[in-house]
Amino acid sequence: MQQGLFLFTWPDGYFLDVELKKRQQWFAEKYGKENCIMYSTDTITLQSIQEALQWGGLFSSKKLIICKWIPDDKIGTGKAGAVITKFFEGLLGDDDIHLSPDIILVFVSIDPDKRLRLYKILSEKASVKSFPELNEAKIAEFIKGQLGDYFEQRIADYLIQFVWKDLFRIEQECDKIKTYMKYTNGTKLTDADLGNIVYTPVQVNAFGVLDAI
């Protein structure tokens, strides 16, 4: 297992995104934002990644390099392309080549195709960090953490029914609920209020939200 080599995967991207932001913030505070490099499949080039792996920072040689949606993702988030994929396969698949101890290289793929050679190399040599998908009880706990004092089980039940497991959406809807309660100095959210505030595929009443606020 190579030190400083990571693969982050997750059936849903929310906690993967939280984990990345936490690590980026920590690294930037300690070593500087300029030493934290983020690539995605539409921005990475062979020259840029080669330079990033060799470049030494002005005040710090430490580098955090994040490659999003590599290896290729089964859900189609992005495709790295043959040139980039072969470069990483050659670099990481060669037992005689080791990353500098000053480099942290993180690959991010929500649901990587496990048939790919690059995935197989990373599964053997990288520290793999993955998270199980949340069940209904865990989603309710997540909602409780988002709403705080405004939490009611019926609100959680409503969000789970209409939004289900999209935690990005659930977070947005919880923010809307908290904003409404603060602006109205409310202590109790009625079913009618909830129907006006929360976006659902079957009913959208944006004007009702504005009128309520």
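**A tour of selected salt bridges**

Begin by selecting glutamate 152, which counts as buried because its relative accessibility is 19%, under the 20% cut-off. The model in your viewer is a predicted one, and the structure holds 14 salt bridges, of which this tour visits a few.

With glutamate 152 still highlighted, add arginine 154 to the selection: the two residues form a salt bridge whose closest N and O atoms are 2.9 Å apart. Arginine 154 is partly exposed, at a relative accessible area of 27%, and its side chain also meets that of aspartate 191 in a salt bridge, at 2.7 Å from N to O. This second pair links distant parts of the chain, since arginine 154 lies in helix H6 (residues 153-162) and aspartate 191, 37 residues apart from it, lies in helix H8 (residues 191-197). Aspartate 191, with a relative accessible area of 57%, is exposed.

Now bring in Lys188, and you have the set Glu152, Arg154, Lys188 and Asp191, which are linked in a network of salt bridges.

For the last stop, move to helix H7 (residues 167-184) and select arginine 169 and glutamate 173, which are 4 residues apart there and therefore separated by about one helical turn. A salt bridge joins arginine 169 to glutamate 173, with 3.7 Å between the closest N and O atoms. Are these partners buried or exposed? Arginine 169 counts as buried at 18% relative accessibility, and glutamate 173 counts as buried as well, at 3%.

Conventions:
Residues are numbered from 1 along each chain as its sequence is written. This is a predicted model: local features need pLDDT of at least 70, side-chain atom pairs count only at pLDDT 80 or more; totals for chains, interfaces and linings use all residues. Side-chain values use heavy atoms; hydrogens and water are left out. A salt bridge is a side-chain nitrogen of Lys or Arg within 4 Å of a carboxyl oxygen of Asp or Glu. Buried means under 20% relative accessible area, exposed over 50%, partly exposed in between (1.4 Å probe, protein chains only). Helices (H or I, at least four residues) and strands (E, at least two) are DSSP runs, numbered from the N terminus.
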